[in-house]
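Hi there,

Here is the structure I promised to pass on, with my notes below it. Have a look at it first, and then read on for what turned up.

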Amino acid sequence: VGDVLGEMTDYTISHFAFEEALMEDAGYQFCKAHKRIHELFIKRVSEYQMRFTGGEDVAEELNTMLSKWLYNHIRNDDAAYVGAVKGSMQAIVQDKQESGWLSRSLKRFFGG
């Protein structure tokens with residue numbers, strides 16, 4: 001459980017950062033609200049991690065929370081920004097300039 005919590009925290013932070021960058025670049029109007037949902041999830045996972053470190057068995061509760069949260073988040077919250085990001089992604093295909101979306105995003109994540 002400890003390993004799962006640690007890896008989940010690392011993955012969640014990087015995944016959410018990437019997802020938030022897509023939403024920001026697409027100009028998604030509810031990006032701040034979506035980011036807040038991510039922050040609350042990370043906080044919740046951190047609380048499970050602290051409880052586990054303190055000796056509490058959180059496995060079943062964690063499994064239940066993850067199953068429900070991930071399903072609802074992907075089905076509802078993530079589905080809501082698909083249109084905005086799709087439109088932005090279509091611009092990538094047409095974008096061949098150095099200052100384009102893809103170039104900016106790569107620089108944002110990998111420097112340069």
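Read from one end of the sequence to the other, the protein chain runs α-α-α-α, with 4 helices and 0 strands. Please keep in mind that this is a predicted model. The mean pLDDT of the chain is 86, and 86% of its residues reach 70 or more. Among the elements, helix α2 has the highest mean pLDDT, at 94, and helix α4 (residues 101–110) has the lowest, at 70. Where pLDDT is low, predicted coordinates should not be read in detail.

On the overall fold, 29% of the 112 residues count as buried. Among contacts between residues at least 6 apart in sequence, 69% join residues at least 24 apart.

Now to the inside of the protein. Nonpolar side chains tend to be buried together in soluble globular proteins. Here the largest nonpolar core has 11 residues: Leu5, Met8, Phe16, Phe41, Val45, Tyr48, Val58, Leu62, Met65, Leu66 and Trp69. The helices that give two or more residues to this core are α1 (2–26), α2 (31–53) and α3 (59–94), and α3 gives the most, with 4 residues. If you want one residue to click on, try leucine 66: leaving out residues up to four places away in sequence, Leu66 touches Met8, Phe41 and Tyr71. Apart from this core lies another one, of 6 residues, including Met23, Tyr28, Cys31 and Tyr81.

Glutamate 19, in helix α1, deserves a look of its own. What does this buried residue have for a salt bridge partner? Glutamate 19 has none, and the nearest side chain of opposite charge, lysine 35, is 12 Å away. There is, however, a polar contact of 3.0 Å between the side chains of glutamate 19 and histidine 34. Setting aside neighbours within four places in sequence, Glu19 is in contact with His34, His38, His73, Asp78 and Tyr81.

The salt bridges come next, and the count is 3. One of them joins the side chains of glutamate 39 and arginine 36, at 3.5 Å from N to O. Both residues lie in helix α2, 3 residues apart, which is about one turn of the helix. Glutamate 39 is partly exposed, with a relative accessible area of 38%, and arginine 36 is also partly exposed, at 45%.

Arginine 51 takes part in the others. Arg51 forms a salt bridge with glutamate 56, where the closest N and O atoms are 2.6 Å apart, and another with glutamate 61, where that distance is 2.7 Å. This second pair links distant parts of the chain, with glutamate 61 in helix α3 and arginine 51 in helix α2, 10 residues apart. Arg51, Glu56 and Glu61 are thus linked in a network of salt bridges. How accessible are the members of this network? Arginine 51 has a relative accessible area of 26% and is partly exposed. Glutamate 56 counts as partly exposed at 37% relative accessibility, as does glutamate 61 at 38%.

When you open the file, you might begin with the core around Leu66, then move on to Glu19 and its contact with His34, and end with the network of Arg51, Glu56 and Glu61.

Best wishes

Technical notes:
Residues are numbered from 1 along each chain as its sequence is written. This is a predicted model: local features need pLDDT of at least 70, side-chain atom pairs count only at pLDDT 80 or more; totals for chains, interfaces and linings use all residues. Side-chain values use heavy atoms; hydrogens and water are left out. A nonpolar core is a set of buried Ala, Val, Leu, Ile, Met, Phe, Trp, Tyr and Cys residues joined through side-chain atoms within 4.5 Å. Buried means under 20% relative accessible area, exposed over 50%, partly exposed in between (1.4 Å probe, protein chains only). Contact means heavy atoms within 4.5 Å. pLDDT is the predictor's confidence in each residue, from 0 to 100. Lys and Arg count as positive and Asp and Glu as negative; His and the chain ends are not counted. A salt bridge is a side-chain nitrogen of Lys or Arg within 4 Å of a carboxyl oxygen of Asp or Glu. A polar contact is a pair of N or O atoms within 3.5 Å; within protein, one must be able to donate a hydrogen and the other to accept it, and residues adjacent in sequence count only if both atoms are side-chain atoms.
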